[in-house]
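Dear colleague,

I am handing over the structure below for your consideration. My findings follow directly after it.

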Amino acid sequence: MNDDRFHEECAVFGVYGHPRAADLTYLGLYALQHRGQEASGIVSNDNGSFYLHRDCGLVADVFRPPALDKLTGDCAVGHNRYSTTGASTVTNIQPLFSVGRDGPICVAHNGNLVNARELRRELMETGALFQTTTDTEVVLHLLARTTGEWVDRMKEVSARLSGAYTLIMMNRDELIGVRDPNGIRPLVIGKFEGAWLLSSETCAFDLIGAEFVRDVEPGELIVIDRNGLHAVKYAHVKAAPCIFELIYFSRPDSLFYGESIDRTRRAMGKQLAIESPVDADFVISVPDSSNAAALGFAEALGIPYEHGLIRNHYVGRTFISPSTEQRRAGVRIKFNPVSSVLQGKRIVVVEDSIVRGTTLKQLTSLLRSAGAEQIHIRVASPPIFYPCPFGMDFPTRKELIANSYSPPQLGKWIEADSLHYLSYNGMLQAAPNRNGGYCSACFSGEYPVPLPPEYGGKLALEEN
């Protein structure tokens, strides 16, 4: 990737026991669009007959009315994809569907298996045939080689898996939810008109008007059938949910273990203001992901929050190489400064994180040209030194700007008057207190799951 933002992982959503299961899944995926924009898919279950529709594109484009009308049944599983393992191709779109000795099964996966390459090679050597280059298909093959109750099967499979995996699976009679033992990626339980729901985030429940019940715990297996919901702990390790869900990935109107994402981001902005105050006329955000942190920063210092940048929300993904004119336009395609607000002012620009720094450099130039007298950059997370292999498409260490520039050097390169990050301890202080802690490996380098020597990154399975 050549842009300067993180790329969301994926979204999963499931419904059990509602006559409009596919419609509810469509709405759930719509609310979760921010987690993946490459492709979308839904599999429905109508008394044991499965119906599937998947395609590249956004949810609203993939599921035109005729497609949804064909997805009958009272159970469904949906998926929005951003490719973190495997190329962005039609064959890799989820949910994946197959038929085995136990009948049909589909699976939707959020996360990334760091030992998928090793497992895939081992499975192929024993006769397995693969149709995709995703790590999700590895899970299907491993499940096919187990028997017995679901909790026993997942114990056996999870013992082979290394990395992050939140799974929603569906067979003829059951909807199954699984969260990896570290709980790196989120999964929540809801109820709507007597039906059970599983989702990556609670914001999907809000759109439907559903009740949020609770988070699926790390290492927990959820089985939903005609007798209701059954929860079993299949593994016990130290929980380490991804702290970037709080900083950037989750929608601000979602809940994280019952705590407001918006409130947490405001707390991070307030902590940033305590650590790095600045004398300025007002605060602006880089919309939309840093809005809450900017509000918290402004509130802590008692200075106004203004709309200094307007974001174009109609910029979609492009599948052609940009022209010279497009490259010259740079961030102007996405952002436009409000000159009447910025002219002659000392401003604080709050950003949620810095990856390569190129976008922020262009934004600073844009704000200068609009008349800003001083530009102070404040980042509501610590410097990012390490790539994430657990379901986020992070750059390599070499591409992460924090490994090349100290904060003062970076501020000079960006041509800002000052630049400060939120401290690592300050970030943890502002986050909801959890006894188990978080995965913050992108800041600290302390991965909760060891990386195998042959971990090959996003396209590793394309090489087999």
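Arg-35 is buried, with a relative accessible area of 0%. Please note that the model is a predicted one. Arg-35 belongs to the loop that joins helix H1 (21-31) to strand S2 (39-46), and its side chain comes to 3.0 Å from the backbone oxygen of Cys-10. That distance is within the 3.5 Å limit for a polar contact.

On the cysteines, the structure holds zero disulfides. Cys-106 takes part in none, and the nearest cysteine sulfur, that of Cys-75, is 10.0 Å away. Cys-106 is buried, with a relative accessible area of 0%. Cys-242 is likewise in no disulfide; for this residue the nearest cysteine sulfur belongs to Cys-388, at 5.9 Å. Because a disulfide requires two cysteine sulfur atoms within 2.5 Å, neither the 10.0 Å separation nor the 5.9 Å separation qualifies. Cys-242 is also buried, with a relative accessible area of 4%.

I also examined the second largest pocket, which holds about 610 Å³ of space. Its lining consists of 27 residues, and those nearest its centre are Ser-98, Val-99, Gly-100, Ile-105 and Leu-140. At least two lining residues come from each of strand S3 (49-56), strand S5 (96-100), strand S6 (103-113), helix H5 (135-144) and helix H6 (150-158). By residue class, the lining comprises eleven nonpolar, eight polar and eight charged residues.

With kind regards

Definitions and conventions
Residues numbered from 1 in each chain as written. Predicted model: local features only at pLDDT ≥ 70, side-chain atom pairs only at ≥ 80, totals over all residues. Heavy atoms only, no water. 1 Å grid on protein atoms, 1.4 Å probe; cavity = no way out; pocket = protein on both sides within 12 Å on 5 of 7 lines; lining within 4 Å. Points joined across faces, edges and corners; volume = space filled by probe spheres on them. Helix = DSSP H or I, 4+ residues; strand = E, 2+ residues; numbered from the N terminus. Nonpolar A, V, L, I, M, F, W, Y, C, P; charged D, E, K, R; others polar. Buried < 20%, exposed > 50% of the residue type's maximum accessible area, 1.4 Å probe, protein only. Polar contact = N/O pair within 3.5 Å; in protein donor to acceptor, adjacent residues only side chain to side chain.
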